[in-house]
Amino acid sequence: MPVPYVALLRGINVGGKNILPMKDLAALFVEAGCAEVRTYIQSGNVLFRADPDVAEDAPEIVSAMILERFQIRSPIILRDLHSVETVIAGNPYLKEGVPPEEIGVLFLGSVPEVESVAKLDPARSAPDRFEVVGRDVYLHLATGFAKTKLTNDYFESRLRTPSTARNWRTVLKLREMLG
């Protein structure tokens, strides 16, 4: 039975770099065996349905096709409907009353090692904060996404796993579209 998924690409169509038309991106997922493929905004959010075994292989297959055809390296982080719902339900900053426009989520490719998480610097970009929960990092970005030092590169270099960030509004919209 096909399950709803979202593939989250990093660094696509940002700042005029790594231009990848969403129509072409959707076609790659179809070619990889996914069904009901659609995209949301230009930053690389692909929603689709697939059997779990097809979905599990899709990020690697599509990443290789993107590199071959567009010469773009872009990690693809995969989440199913349940994991997106878990992210939404577990947001520690909403429970504190943080405005949604100051919240983001960094989706990680895998669960980081406990030792790596312990070495992260909580004062790196004060007053911005983060909380690592499983394979996600909740971000409270009081200074905004553009000014924070809590970047993909920072977390990837320390946690040794690919990542991609989404603002809270996008996370909620993806959940809506997955359902």
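Which strands does helix α7 (residues 168–178) lie across? Helix α7 crosses β1, β2 and β3, and runs at about 160° to β2. That angle is taken between N-to-C directions on a scale from 0 to 180 degrees, with axes as lines fitted to C-alpha atoms, for helices over the stretch in contact. Helices (H or I, at least four residues) and strands (E, at least two) are DSSP runs, numbered from the N terminus.

Before going on, note that this is a predicted model, where local features need pLDDT of at least 70, side-chain atom pairs count only at pLDDT 80 or more, and totals for chains, interfaces and linings use all residues. Residues are numbered from 1 along each chain as its sequence is written, and side-chain values use heavy atoms, leaving out hydrogens and water.

Now for the sheet. Its 4 strands make an open, antiparallel arrangement in the order β2-β3-β1-β4; strands pair if DSSP finds at least two bridges between them. β2 (35–40) and β4 (76–80) sit at the edges with a single partner strand each, so one side of each has no neighbour in the sheet. From one strand to the next, the twist averages 20°. β2 pairs with β3 (residues 45–50) over 4 bridges, and threonine 39 stands opposite valine 46 in β3. Helix α2 (residues 52–70) also packs on the sheet, touching β1 (3–9), β3 and β4 (contact means heavy atoms within 4.5 Å).

Over to α6 (residues 152–159): Asn152, Tyr154, Phe155, Glu156 and Leu159 are buried, meaning under 20% relative accessible area with a 1.4 Å probe, protein chains only. Their cover includes β5 (103–108), α5 (114–118) and β8 (163–167). After α6 comes arginine 160, with a positive phi near 55°.

Terms used. Buried means under 20% relative accessible area, exposed over 50%, partly exposed in between (1.4 Å probe, protein chains only).
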